[in-house]
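Load the model and set the view to cartoon, with side chains hidden for now. The stops below go from strands to pockets.

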Amino acid sequence: MIIVITPEKIIENETEIMNELFQEGLDLLHIRKPFINSEEMTDFIHKINSKFHHQLVLHNHYNLSKDYTISRFHFREIDRRNDLYKSFSDKTISTSVHDIESFNELNEDWEYSFISPVFPSISKKGYGESSTILNEIKGRDNHNVKLIALGGINENNINEAFESGVDGVALLGAIWESDQPLQIFKKCRQNVLS
């Protein structure tokens with residue numbers, strides 16, 4: 001499984017690129033836009049081809065899902081701890097963790113969880129440089145929830161992430177920090193498939 005997470009701020013041609021990523025086989029797109037209001041989010045979703053709406057995952061503005069075929073929601077670690085996800089039992093939900101112990105404690109309510117940072121971050125300079133998560137993954141004993149590697153993943157190390165035993169990867173900086181996001185995605189996908 002390959003997931004792409006949007007940058008926090010809207011960038012030029014972003015939704016056009018997203019539509020192209022879906023055409024190239026993107027599994028899921030996480031819309032993480034903490035600074036936009038409901039109207040801006042509606043406008044943003046409208047620009048994504050409706051045939052891909054069932055592959056969108058909302059990080060906020062969950063109420064908009066009823067206007068679209070969106071049934072996937074992501075909850076931050078703090079929201080999970082505060083049980084904010086409990087009223088969404090009819091939805092497919094995901095979350096984030098930063099160590100394997102927290103991941104191993106997740107129950108089967110969760111379809112998957114990001115674990116990060118696996119490698120030094122591309123988009124947040126200096127973040128994850130001393131991370132031991134790639135090694136920690138060996139301590140996984142929860143197989144009811146899919147484990148998705150996040151952080152610093154690009155076309156050169158994507159296979160190393162999969163070799164650690166994760167079920168998928170999430171791309172952020174590799175895509176949005178590149179001036180050729182579609183080519184980077186294709187290379188990542190090709191490396192996984194080969």
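Which residue of β6 is the bridge partner of I93? Select I93 and show sticks: the partner is W110. Keep in mind throughout that this is a predicted model.

Next, select residues 92-97 and 110-115. These are strands β5 and β6, and they pair in the parallel sense over five bridges. Strands of a sheet pair through backbone hydrogen bonds, either parallel or antiparallel.

Now widen the selection to the strands β1 to β8. Eight strands close into a barrel, running in the order β1-β2-β3-β4-β5-β6-β7-β8, with parallel pairing. On average, neighbouring strands of this sheet are turned by 30 degrees against each other, direction ignored.

Go back to W110 and add R80, R81, Y85, S102, E105, L106 and N107. Together these residues line the second largest pocket, which holds about 150 Å³ of space. Coloured by class, its lining shows three nonpolar, two polar and three charged residues. W110 thus serves two stops: it is the bridge partner of I93 and part of this lining.

For the last stop, select I5, E8, R32, K124 and L172. Of the 33 residues that line the largest pocket, these lie nearest its centre. The space in the largest pocket is about 850 Å³. Add residues 168-171 and 173-176: β8 and α7 each supply at least two residues of that lining, and α7 gives the most, with three. By class, the lining of the largest pocket has 14 nonpolar, 11 polar and eight charged residues.

Conventions
Residues are numbered from 1 along each chain as its sequence is written. This is a predicted model: local features need pLDDT of at least 70, side-chain atom pairs count only at pLDDT 80 or more; totals for chains, interfaces and linings use all residues. Side-chain values use heavy atoms; hydrogens and water are left out. On a 1 Å grid over the protein atoms alone, a cavity is a set of points where a 1.4 Å probe fits but cannot get out, and a pocket is an open set with protein on both sides within 12 Å along at least five of seven lines; lining residues have an atom within 4 Å of a point. Grid points are joined across faces, edges and corners, and a volume is the space filled by probe spheres set on the points. Helices (H or I, at least four residues) and strands (E, at least two) are DSSP runs, numbered from the N terminus. Ala, Val, Leu, Ile, Met, Phe, Trp, Tyr, Cys and Pro count as nonpolar, Asp, Glu, Lys and Arg as charged, and the others, Gly among them, as polar. Two strands pair if DSSP finds at least two bridges between them. Axes are lines fitted to C-alpha atoms, for helices over the stretch in contact, and angles run from 0 to 180 degrees between N-to-C directions.
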